[in-house]
Amino acid sequence: MHENPRNMTQGTFSFLPPLTDDQIKAQIAYAIKMGWAINVEYTDDPHPRNTYWEMWCQPMFDTKDPAAAFMEVQECRKVYGNMYIKVNAYDNTRWRESVALSFIVNRPKHEPGFHVIRQEANSRAMHYTLHSYATEKPRGDRYK
Amino acid sequence: MAKPEIGKGQLTGAERYKAGVIEYKRMGYWQPDYVPKETDVLALFRITPQPGVDPEEAAAAVAGESSTATWTVVWTDRLTAADLYRAKAYRIDKVPNSPDQFFAYIAYDMDLFEPDSIANLTASIIGNVFGFKAVKGLRLEDMRIPVAYLKTFQGPPTGVMVERERLDKYGRPLLGATTKPKLGLSGRNYGRVVYEALKGGLDFTKDDENINSQPFMHWRDRFLYCMEAVNRANAATAEVKGHYLNVTAGTHDEMIERAEFAKELGSVIIMIDLVLGYTSIQTISKWARKNDMILHLHRAGNSTYSRQKNHGMNFRVICKWMRMAGVDHIHAGTVVGKLEGDPLMVKGFYDTLLQPHTPVAPELGFFFEQHWASLKKVMPVASGGIHAGQMHQLLHYLGEDVVLQFGGGTIGHPDGIQAGAEANRVALESMVQARNEGVDYMAKGPEILAKAARFCKPLQHALDTWKHITFNYESTDTPDYSPQVTPAR
Amino acid sequence: MTAEAAQNLNAVSFDLEGEFARSNVQQVLDKLDRELVGLAPVKQRIREIAALLLVDKARRALGLENEPPTLHMSFTGNPGTGKTTVALRMAEILKNLGYIRQGHLISVTRDDLVGQYIGHTAPKTREVIKKAMGGVLFIDEAYYLYKPENERDYGQEAIEILLQVMENNRDDLVVILAGYANRMEVFFQSNPGFRSRIAHHLDFPDYSEGELFAIAKLMVAAQHYVLSPGAEKVLKDYIPRRMKMAHFANARSMRNALDRAKLRQANRLFERKDRTKLTRADLTTIEAEDLLQSRVFQG
């Protein structure tokens with residue numbers, strides 16, 4: 001059986017080997033060049049519909065150098081190294097006004113993933129729910 | 001309102017309405033002094049007049065036959081504000097390098113059209129006129145839709161940004177694949193292809209345009225198996241994925257029933273074919289807005305009338321109409337794949353779908369400036385004969401807001417469908433990464449892919465398998481203005 | 001050792017002259033000469049620092065040096081002695097030589113770094129540091145960060161974050177601490193962490209009478225004014241008197257004096273009966289009386 005390299009592949013670069021620090025800085029530098037604001041977010045609930053990861057710090061609107069956001073990545077890793085951490089870049093130009101780039105910069109060591117819960121309905125119809133194994137434990141106890 | 005300008009030689013008063021047949025240009029359909037109003041609908045036609053018909057008369061005839069005229073004078077015109085309702089040909093240009101052809105600019109008052117109805121707009125603009133004997137060939141090249149009229153349309157139900165937010169996918173083109181073979185798979189086998197491709201790394205899979213509800217696979221079967229596959233793939237990847245469930249059917253009611261079932265099963269996206277017709281497209285578009293459904297349009301049939309340069313219509317106009325009618329995805333060319341598509345023409349289509357405003361740009365086929373008011377962006381879809389080895393070209397020509405669909409390029413992978421999907425995703429992500437890092441990825445594309453293939457065997461096999469595949473045929477539909485001008489064939 | 005470093009070890013020569021020319025550092029030094037009168041010892045120190053960094057670059061190219069040099073500095077001197085201007089040029093030089101990536105200067109004081117309540121200071125300081133990254137962080141009157149009389153002063157928190165960043169992010173940020181020489185000395189004594197992290201101390205001397213006169217003339221010309229011969233004489237008299245008074249701030253005091261003279265000139269012109277027929281000379285000339293009304297000459 002062919003297996004995906006990972007079982008959580010959200011973000012722009014999840015199919016590449018984990019980005020090195022220099023590669024992360026290069027992507028942040030690109031975001032700065034494009035005039036985007038940068039945000040560092042973390043979570044222990046990586047459900048794809050979990051839109052609101054925790055914000056590690058205030059969004060960085062006026063930094064000129066990637067070292068700034070990268071410093072926050074490092075600090076966040078120190079505290080939440082067992083969680084998912086991503087860097088989001090936000091473009092506020094009209095007709096976009098949304099995230100322009102979003103990539104994972106930290107993963108838990110063990111990623112148990114998700115399974116499907118099926119609810120059978122009439123005429124073979126099926127209602128699906130995605131369940132994260134990690135969230136069976138309370139916040140703070142996941143991914144240990 | 002100022003009275004429309006009267007053209008030279010135009011008849012007025014009782015003379016104009018004497019029973020009989022008079023030239024179109026003398027009936028008021030040729031008005032070279034007319035200054036188009038901001039609220040006029042403008043159209044540009046490529047006209048090949050019959051021998052002996054002068055260009056002005058041909059242009060006036062097109063204006064007449066696409067608005068108020070009939071072959072003979074009718075006194076009932078005098079019961080109306082006919083000067084207003086008459087379309088006006090106001091400018092003629094020679095087509096570069098095609099001596100028998102002319103570009104005619106025609107203005108239509110907004111009051112000629114029903115609000116929020118592509119069917120009504122098109123019944124005038126491409127209604128009777130294309131069969132009109134006085135022209136040997138006629139092609140609608142471009143239109144300017146006034147903001148006031150645009151505002152009566154809903155536009156795309158979702159739009160590019162909301163689609164990205166719903167899917168939680170940013171910063172790269174999306175990836176898709178059409179299930180192959182197009183016809184004959186049972187529902188169970190069909191779902192297998194969907195599962196493999198999505199689990200392997202694609203964002204979307206797709207029904208083909210002619211997959212509806214045939215004896216080998218009825219639609220409910222297809223929907224059920226595909227959604228099982230989608231949800232399994234979602235669980236395997238923690239991503240939001242989708243399968244374009246084609247809801248095209250014989251009747252409206254049937255189409256809506258299929259859409260409702262897709263919704264019940266939790267699909268994020270449905271699909272329709274262009275052959276549905278404009279009324280059905282607007283109907284399902286409104287349904288999609290109401291039900292938070294992304295709406296994918298396959299342009300089935302368009303090449304029947306959009307491919308030849310001397311007759312029919314340019315696909316760019318279809319793009320405009322579809323942005324108005326309201327679809328979220330539309331197939332709009334690949335530049336490098338197996339289907340027709342000159343790079344500049346394709347850029348014109350993409351700009352039409354994605355830009356808030358397009359200035360006059362003859363090289364892209366934009367004869368008019370177009371403000372898109374607040375109609376959302378449509379995601380172009382590039383599909384047909386593309387593979388991972390072309391990733392640098394695809395990113396360069398098509399940009400970031402596009403769905404790249406690798407059907408054969410996924411399912412035909414020697415190591416299987418998942419491997420094919422992974423190869424595409426790795427190729428794409430490494431190309432975007434290189435672009436963002438400031439690498440000259442167009443020049444170094446093959447190098448970047450080779451480097452990525454070192455950690456991704458499936459990509460290596462994909463590159464080996466398709467390394468010689470290109471489709472270098474000359475395009476038939478090319479721009480008339482620079483950089484290279486090709487005569488119409 | 002990386003392949004690149006190994007290759008560097010094999011390199012035998014480095015074109016210092018060419019590197020200097022490419023860096024455009026001479027142009028920056030020339031600009032500084034045009035902008036700032038006098039300051040010979042400061043300019044000399046800057047030349048020395050530039051030479052040091054250039055040689056450091058050469059040594060690293062040949063594999064003789066691995067550690068990036070410490071570049072944090074202190075600029076001491078009285079107000080108006082050109083510290084901010086020199087800091088701007090220093091940022092430019094560091095950028096040209098490749099020691100900082102962006103070359104911008106963020107100038108702050110205690111209020112920009114220290115908060116008003118618990119938990120306020122760290123984010124504030126970090127915000128400033130992040131904006132300055134890739135460039136130079138210039139902290140004017142840095143000693144106000146340290147208030148020993150108040151045990152719970154939040155300044156201490158800012159100091160700790162700054163020290164940490166000055167150590168850990170030497171590649172990302174150059175910090176320049178500035179202020180009066182004597183107060184800086186006290187500050188360094190109480191905060192040895194700063195002193196050990198500072199590589200270059202630049203002392204900015206007060207300007208001489210002659211230098212201040214030259215500075216004033218430069219300012220006048222830059223604003224498209226001229227001093228009448230009478231006004232020049234008054235200015236020469238004004239400068240030593242002003243130097244002896246309180247709140248004397250070198251070049252800044254010259255700028256203030258000229259600003260007030262411009263105001264008086266405008267008033268004088270406005271009150272003229274023939275103000276419908278002012279000439280170009282009328283509009284540009286500062287007369288003796290425009291300066292003589294200064295409080296410096298009262299009492």
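Start by selecting Ser67(B), which sits in the loop between α2 (55-65) and α3 (82-85) of chain B, where the helices, like the strands, are DSSP runs (H or I over at least four residues for a helix, E over at least two for a strand) numbered from the N terminus. Apart from its neighbours within four places in sequence, Ser67(B) is in contact with Tyr85(B), Arg86(B), Ala87(B), Tyr108(B), Leu112(B) and Ser124(B), and a contact here is a pair of residues whose C-beta atoms, placed from the backbone, lie within 7 Å. This is a predicted model, in which local features need pLDDT of at least 70 and side-chain atom pairs count only at pLDDT 80 or more, while totals for chains, interfaces and linings use all residues. Residues are numbered from 1 along each chain as its sequence is written, and chains are lettered from A, with ligands numbered from 1, in the order in which they are written.

Is Ser67(B) buried or exposed? Ser67(B) counts as buried because 22 other C-beta atoms lie within 10 Å; the cut-offs are 20 or more other C-beta atoms within 10 Å for buried, 12 or fewer for exposed, and anything in between for partly exposed, with C-beta atoms placed from the backbone. If you then add Gly438(B) to the selection, you have a residue that is 371 residues from Ser67(B) in sequence and 53 Å from it in space, C-alpha to C-alpha.

**A helix in chain B**

Select next helix α10 of chain B, residues 278-290, whose 13 residues should span 18 Å at 1.5 Å a residue, which agrees with the 18 Å between its end C-alpha atoms; the expected span is 1.5 Å times one less than the number of residues. Within α10(B), the residues Ser280(B), Ile281(B), Gln282(B), Ile284(B), Ser285(B) and Ala288(B) are buried. If you also show α4 (118-125), α9 (252-264), β8 (269-273), β9 (294-298) and α12 (315-325) of chain B, you will see what the buried residues of α10(B) pack against. After α10(B) comes Asp292(B), which has a positive phi, near 55°.

**Two crossing helices**

Move on to α14 (residues 391-398) and α16 (residues 417-436) of chain B, whose axes come within 9 Å and cross at roughly 60°. The axes are lines fitted to C-alpha atoms, for helices over the stretch in contact, and the angles run from 0 to 180 degrees between N-to-C directions. The two helices α14(B) and α16(B) are therefore oblique to each other, since angles under 35 degrees count as roughly parallel, over 145 as roughly antiparallel, 65 to 115 as roughly perpendicular and the rest as oblique. To show their contact, select Met391(B), His392(B) and Leu395(B) on α14(B), together with Ala427(B), Leu428(B), Met431(B), Val432(B) and Arg435(B) on α16(B).

**Unusual backbone in the loops**

Most residues other than glycine have a negative phi, and most peptide bonds are trans. With that in mind, select Pro181(B), in the loop between β5 (174-178) and α7 (187-200) of chain B, and look at the peptide bond that leads to it from Lys180(B), which is cis, with omega near 0°. Then go to Ala373(B), in the loop between β13 (370-371) and β14 (379-383) of chain B, where phi is positive, near 45°. Ala373(B) is partly exposed, with 18 other C-beta atoms within 10 Å.

In chain C, select His247(C), which lies in the loop between α12 (229-244) and α13 (250-270) and has a positive phi, near 55°. His247(C) counts as exposed because it has 9 C-beta neighbours inside 10 Å.

**Chain C and the contacts between chains**

Now colour chain C as a whole: its secondary structure comes to 15 helices and seven strands, and its C-alpha atoms fill a box of roughly 80 × 55 × 30 Å along the principal axes. Of its 299 residues, 34% count as buried.

Finally, show every chain together. Two pairs of chains are in contact, and chains A and B share the most contacts, with 33 residues taken from chain A and 39 residues from chain B. On the side of chain A that touches chain B, the largest share, five residues, comes from β4(A). Chains B and C have no contact between them, and their closest C-alpha atoms lie 16 Å apart.
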